[in-house]
Amino acid sequence: MFIMRLDKFLCETTALSRSEAKKAIKNGEIKVNDYVVNKAELNINEKADSIIFNGRSLRYEQYVYFMLYKPKDCVSATNDNVSKTVIDVLNEKDYKDLFPVGRLDKDTTGLLLITNDGDLSHRLLSPKKLVYKTYRATCDKDITKKMCDMLEEGVDIGDETNTAPARILSFDKNVIEISITEGRFHEVKRMLHAVGNEVVELERLSMGTLELDKSLKPGEHRRLSDEEVKKLNELVGR
Ligand code: URA
């Protein structure tokens, strides 16, 4: 159904509340197909009509997907009384219901998917889907073959069950690239600790088919391409 009241459409596509949307319409700030309109209850066709708000063309999108290069010192939450959140860092004010897909520790950097698509998030995080998350961990000691073997077996990190087997993609001196399917609290740090090492820097490089864009700098973000969204959907069976 593409028909929607103009004030509702404004709420869906901007950060305006319903009353702010009505006010903006009354104030003549909205043009529909090049004409200023002042009827909040006007039905518009969200696919066919051109809606301009203060010179900006509004497009209705049910779901949006952003890749954030999470910097240090922000928390993977939507609200926090003390710390800056990843939603503050993203600073996409036109979208109201964004949340991070899973959590990275405050001092972990790297790939974080931020969206308003709850179903995709749920599937990506479901332990049944076995979505691999790849991390580059810099440790305080060199990585040995023995440590890798233990990590690939699954290790006791003090939980009821051992961790699921990890995949070790590479290791060199004190740096290891490790993929895991679970998302337990501090999992990579606790896994390395369990094999006699300590993580000093942690960066997420990928989640399933989605790879951190190397042209982004910490704190920067971009939208996912249609291809990236398609691949994630395929990965989780949508
Ligand atoms: N494992 C950790 O220990 N920390 C993270 O932020 C992510 C995975």
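A backbone N or O atom of V188 lies 3.1 Å from a nitrogen atom of the ligand, and that contact is a handy way into this predicted model. The ligand sits in the largest pocket, and the protein buries 96% of the 240 Å² that the ligand exposes when taken alone. Here is a quick tour of the ligand, its pocket and the second largest pocket.

**Polar contacts of the ligand**

- The side chain of D105 places an N or O atom 2.7 Å from a nitrogen atom of the ligand.
- K189 uses its backbone instead: one of its N or O atoms there is 3.1 Å from an oxygen atom of the ligand.
- V188 also takes part through a backbone N or O atom, with a ligand nitrogen as its partner.

**The shell around the ligand**

- Around the ligand you will find L104, D105, T108, Y135, H186, E187, V188, K189 and L202.
- Helix α6 provides three residues of this shell, the largest share.
- Sorted by class, the shell holds four nonpolar, two polar and three charged residues.

**The largest pocket**

- The pocket that holds the ligand has a volume of about 480 Å³.
- Its lining is made of 26 residues, and those closest to the centre are R103, L104, G183, R184 and H186.
- L104 and H186 from that central group also belong to the residues around the ligand.
- Three elements each supply at least two lining residues: β10 (133-139), α6 (187-194) and β13 (199-207).
- As for chemistry, the lining of the largest pocket comprises eleven nonpolar, six polar and nine charged residues.

**The second largest pocket**

- If you would like another site to look at, the second largest pocket encloses about 300 Å³.
- Its lining has 15 residues, with E12, E61, D94, Y95 and N116 nearest the centre.
- Two elements, α1 (6-13) and β6 (56-57), give two or more residues to this lining.
- Of the elements, α1 contributes the most to the lining of the second largest pocket, with three residues.
- By class, the lining of the second largest pocket splits into seven charged, four polar and four nonpolar residues.

**Points to take away**

- Which residue offers a side-chain N or O atom at 2.7 Å from a nitrogen atom of the ligand? That residue is D105.
- Which element gives the largest share of the shell around the ligand? Helix α6 does, with three residues.

Key:
Residues numbered from 1 in each chain as written. Predicted model: local features only at pLDDT ≥ 70, side-chain atom pairs only at ≥ 80, totals over all residues. Heavy atoms only, no water. 1 Å grid on protein atoms, 1.4 Å probe; cavity = no way out; pocket = protein on both sides within 12 Å on 5 of 7 lines; lining within 4 Å. Points joined across faces, edges and corners; volume = space filled by probe spheres on them. Helix = DSSP H or I, 4+ residues; strand = E, 2+ residues; numbered from the N terminus. Nonpolar A, V, L, I, M, F, W, Y, C, P; charged D, E, K, R; others polar. Near = heavy atom within 4 Å. Polar contact = N/O pair within 3.5 Å; in protein donor to acceptor, adjacent residues only side chain to side chain. Areas by Shrake-Rupley, 256 points an atom, 1.4 Å probe, with all protein chains shown as cover. Sits in = over half its atoms within 2 Å of the grid points.
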